[in-house]
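I opened my notebook to look up how the chains of this model meet. I take the contacts between chains, then the charged pairs, then one hairpin.

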Amino acid sequence: MNLTLKIWRQKNKNDKGRLETYQVSNISPDSSFLEMLDVLNEQLINEGKEPVAFDHDCREGICGMCSLYINGEAHGPDRGVTTCQLHMRKFKDGDTIYIEPWRSAAFPVIKDLVVDRSAFDRIMAAGGFVSVNTSGNTQDANNIPIPKDDADKAFDAATCIGCGACVATCKNGSAMLFVSAKVSQFALLPQGKVEATRRVHNMVKQMDEEGFGNCSNTGACEVECPKGISLENIARMNREYLKASIISEDEE
Amino acid sequence: MALTGLFLVVFLLEHLYGNLLLLKPDGGAAFNEYSHNMTSNVFIRIVEILLFLGILAHVVNALRLTIENKKARPVKYAVNKPAANSSWFSRNMGLTGSIILVFIVIHLSDYFFEYRVEGLDGDETIYGEVIESFKNLWYVIIYIVAFIFLGFHLNHAIQSAFQTLGINHPKYNPIIKKTGAALAFIITIGFTFIPLYIYFTMH
Amino acid sequence: MSTLDSKIPEGPIKDKWTNHKNNIRLVNPANKRLIDVIVVGTGLAGGSAAASLAELGYNVKAFCFQDSPRRAHSIAAQGGINAAKNYQNDGDSIYRLFYDTVKGGDYRSREANVYRLAEVSGNIIDQCVAQGVPFAREYGGLLDNRSFGGVQVSRTFYAKGQTGQQLLLGAYSAMSRQIGKGRIKMYDRHEMLELVIVDGKARGIIARNLITGEIERHSAHAVVLASGGYGNVFFLSTNAMGSNATAAWRAHKKGAYFANPCFTQIHPTCIPRSGEHQSKLTLMSESLRNDGRIWVPKKKEDVLAIREGKKKPTDIPEEDRDYYLERRYPAFGNLVPRDVASRAAKERCDAGYGVNATGEAVFLDFSSAIMRYGREKANMLGEHNASEERIKELGKEVIEAKYGNLFQMYQKITDDNPYETPMMIYPAVHYTMGGLWVDYNLMTTIPGLYAAGECNFSDHGANRLGASALMQGLADGYFVLPYTIGDYLADDIRTGPIPTDTPEFDEAEKSVKERLNKFINNNGKHSVDYYHRQLGNIMWNYVGMARNAEGLKKAISDIRALRDEYHKNVRVPGSADEFNPELEKATRVADFLELGELMAVDALNRNESCGGHFREEYQTEDGEALRDDKNYAYVAAWEWTGDPSEEKLHKEELKFEYIELKTRSYK
């Protein structure tokens, strides 16, 4: 396959950035999208030019490191996959492909296609945990039975890989799907319920401080999420949040 | 947005009931009486204030959220395909809302302002005024277009409000969605049918 | 040769850990606040260690090269985590888990460590459940188990095919809590490039801020390395692209012994390479071998026809197929252990029977399983005269229920429908049992330097059992290190903060900067990957699944030549003071080019076959691994002396007091 690539190049966070055009040829349709970028980079290095920086690590769709807004869609045109699992057979010979970084005020560009998603870590640090020490002296794992459905739903929410596609794709740049997945996971489990009120309050507060936009329920995040995290989680978080706002005795 | 929105939906239903009285073949007696009650009842006056506050809150909140949302993405995508993952109307609530707001202003200046602030001339009735307006083709078109936008606005808004309030259950989600769509449809059809009926039967 | 002191406590094996915990020194809470600990790596071992140490009250600085601790490669582990809970009442016990692990490791691990691992395994599950890890449950609300290769009980806890992800997110949650409290200072997108030793003790690291390129000095009273394994020496592996050995290798060059570097695990069922631009390999769960039959064509002309696309695998008649595992191992068939299955696939492909364009793939065929299940299902439904088509349809439903997600993943990657045509698979490097030598306290030969998780050599001997890597990582981080490190740090309560403006830090920083600048100013001809691929080829061909003395010698000389060439001709674009992924790769590959040679040296030294280390010269008549317990029942711990081929060997003799040494047999 021969392709024309329009790639966002930006030297660092202070640079203005621009789209630049590159040609790659003889790309195997069986190679992955990132392997296609590897070929481009090899080519650029051999030409004495600076290769394109992009985030990636596990290349099997689980670490959440890869990103990329490809031809107007987060993680490209395929569904239920991350960019590293996207294969070139989804494109046609001669295609022009636009490759841009996630766009969000909360995800500033570090270089080229690499963005800073540490806002997610700060939201997690605000409440994305159960406050137990790792003593090993907790009660036996089977002491509290958990209904299978709850455990399964908690698991489904917990499969979020924190890639940020939801933010990237949301017209408002909202992080509700990400935050709600974590809030839901714990809200569904007895171990997490104990501090559910505090958790949802603190996580939402941090989310707002990070500069993410608001949820207007377009549902785009659910469609583009590579892990199929459900909108149900957002509703659950809203419910938890309302509950927290009404019953909380805290000043906040 | 959800609470004020749902409150406004309730008002719309009530308003639709009132408007349907226009169709009662009694020369406008029922409608005039209804309108009169609307202005004389103290309870209604309180609700009216709440209604204005509701609209105001809905608009102010929408503006605030829109500004925040714009700020959340300072650099736009060069290529974006939002249609691949969401409907046009769900993404353009601000636009449809603005159109509706413009209509509300026109609407209020025509009726509410005249009726409540200036007062009617001796032989004028509110019924007469309405029938007169609906004989104007342009007015009918504006009216209908506004309500079509309102319909799409509501179609997204009602289910969205439930989602925002966390009222969500896999079993009942389809019912909520369908009920929302049905309400949006009834309100749109109900409101647009009246001017059409008047325009074509009384013109 | 000096003897290594593994510091195994006295007493019966079941009391060793308890006695040890009772007798080691503690640091009181007020003093813990005066002590800094650096943790490098935030996977299961590093993440759990950082969280636990911070909870105890130490000031923790955690480092990872990824953009968030949540992305460490532990996240990719699929199958599950073992624990001797005996919830299934199937006779499991701590002793059995201990026994299975030592035996599975082909009797090359340290008894006391493995026993402790089995002992704390149950706590891990309790801990993770308390943290909100959503393990799979039964309808009664209790935890579900499944069974895994090589054992006779069901002791594996799991969360669908994403157990590693869920456990890592649990550890990351625990870390997040401490980060929020300010107990852990998190340095993401930072890479450790040097260890700093002051007065013979590990006292800090030099790290590069990967965003700005700034070289930073970080001091601490102790340093914990939990930086994972070195499978990426092979270029293609199931490891993440960024997985590297630099932290461990830098420590090694500063005096930490490297143990059993040649012990690598090669997993038989991975999706093969599709072309020369392949960047990594993807694992397909071992469970598929329960229902899949592995074969290649008997005739070379069929092989060629398939490669050229003239024939489809389904065109090859039954009598022209070579179900080579069933042929060679009639008793175990397709369910032979990982190393045997891997070697057999390599043997066929080397003989020219590989079925894809690269010649490195065999078929994993589900058609008989589909028909078998289909017939069963048809009978269950009372359709005794079902047509072939109907049986196939029913069979596919059964297979989909069992392996649907794996089949879908396969289809996404290869664009082949495995319900209709056999999967193509090939072995791939997956895990490294070798690593930094540690004593019972997980301390390396450098005082104050600890190694945890895959980064150390400790518990798996020459071969790791499935679902044990997660167990070891969390055991080290949650339950071992937090105790043992106190014993060492008890001496440091009056030391005060370690200054970074000392000659030792100056020297370490200078060497790092020189190393980086050399790459930047090299102006060579080829990219880093160009060399890394070549290293991978050498390693795969000569230090891979089957090794022999001649090949290993060739590997050593080839790697040395490649290393010279690399340092002369590698081209690294950009500068050192910016975000520069090529520079990151360059330093990692430089270390791989040394470690790879040591792996070959170690493999050449070990004149026996055991676990993942198979020397062709040492096999039984029917091709089984031939262990030499008389001469090689030791841990080979290598000391850096300036050149990988000149490293000094130290032996830690392995004593088996509780388990009898036996030959493993799979026939």
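**Entry 1: a term before I start.** Buried area is the accessible area, taken with a 1.4 Å probe, that two parts lose on being put together, summed over both. The size of an interface is often given in this way. I also note that this is a predicted model.

**Entry 2: chains A and B.** I looked up the area first. Chain A and chain B bury about 2600 Å² between them. Carbon and sulfur atoms give 48% of that area. Next I asked which residues of chain A lose the most area to chain B. They are R103(A), N214(A) and N217(A), and together they make up 22% of what that side buries.

The contact takes in 38 residues of chain A and 27 residues of chain B. I then looked for charged pairs across this interface. The rule finds 0 salt bridges between chain A and chain B. Polar contacts do turn up: I noted 27 residue pairs, with both residues at pLDDT 80 or more.

Where on chain A do the touching residues sit? Four elements each supply at least two of them: β5 (96-100), α4 (165-169), α8 (220-224) and α9 (232-247). Helix α9(A) gives the most, with 6 residues. By type, I wrote down 16 nonpolar, 14 polar and 8 charged residues on this side of chain A.

**Entry 3: chains A and C.** Which chains share the most contacts? Of the 2 pairs of chains that touch, it is A and C. Here 79 residues of chain C are in contact with 72 residues of chain A. The buried area is about 6100 Å², with 51% of it on carbon and sulfur atoms. R71(C), R137(C) and R177(C) supply 11% of the area that chain C buries against chain A. No other three residues supply more.

I looked for salt bridges again. This time the count is 9 between chain C and chain A. One salt bridge joins D67(C) and R117(A), with the closest N and O atoms 3.2 Å apart. Polar contacts across this interface come to 40 residue pairs, both residues at pLDDT 80 or more.

Several helices of chain C supply at least two residues each to this side, among them α3 (44-56), α5 (111-130) and α6 (163-181). The largest share comes from α6(C), with 10 residues. The side of chain C that touches chain A divides into 30 nonpolar, 29 polar and 20 charged residues.

**Entry 4: chains B and C.** I checked the remaining pair. No contact joins chain B and chain C. Their closest C-alpha atoms lie 20 Å apart.

**Entry 5: three salt bridges up close.** The structure holds 80 salt bridges over all chains. I picked out three.

The first is D140(A) with K85(C), whose closest N and O atoms are 2.9 Å apart. D140(A) lies in the loop between α2 (118-127) and α3 (148-158) of chain A, and K85(C) in the loop between β3 (81-82) and α4 (94-104) of chain C, so the pair joins two chains. Are these residues buried or exposed? D140(A) is partly exposed, at 30% relative accessibility. K85(C) is buried, at 16%.

The second stays inside chain B. R64(B) and E68(B) meet at 3.1 Å, N to O. Both lie in helix α3 (residues 42-71) of chain B, 4 residues apart, about one turn of the helix. R64(B) is partly exposed at 42%, and E68(B) is partly exposed at 29%.

The third is D106(C) with R627(C), at 2.7 Å, N to O. D106(C) lies in the loop between α4 and α5 of chain C and R627(C) in the loop between α17 and α18 (629-632), so the pair ties together parts that are 521 residues apart in sequence. D106(C) is buried at 4%. R627(C) is buried at 16%. Both belong to a network of salt bridges that also links R108(C), R606(C), E608(C) and D629(C).

**Entry 6: a hairpin in chain C.** Last, I followed two strands. Strand β7 (residues 201-209) of chain C pairs with β8(C) in the antiparallel sense, over 5 bridges. One bridge partner in β8(C) is I215(C), which faces R208(C). The hairpin has 5 residues between its strands. In it, G213(C) takes a positive phi near 80 degrees.

Why do I call β8(C) largely enclosed by the rest of the structure? Because 4 of its 5 residues (215-219) are buried, and buried means under 20% relative accessible area.

Key:
Residues numbered from 1 in each chain as written. Chains lettered and ligands numbered in written order. Predicted model: local features only at pLDDT ≥ 70, side-chain atom pairs only at ≥ 80, totals over all residues. Heavy atoms only, no water. Contact = heavy atoms within 4.5 Å. Buried < 20%, exposed > 50% of the residue type's maximum accessible area, 1.4 Å probe, protein only. Pairing = 2+ DSSP bridges. Salt bridge = Lys/Arg side-chain N within 4 Å of Asp/Glu carboxyl O. Polar contact = N/O pair within 3.5 Å; in protein donor to acceptor, adjacent residues only side chain to side chain. Nonpolar A, V, L, I, M, F, W, Y, C, P; charged D, E, K, R; others polar.
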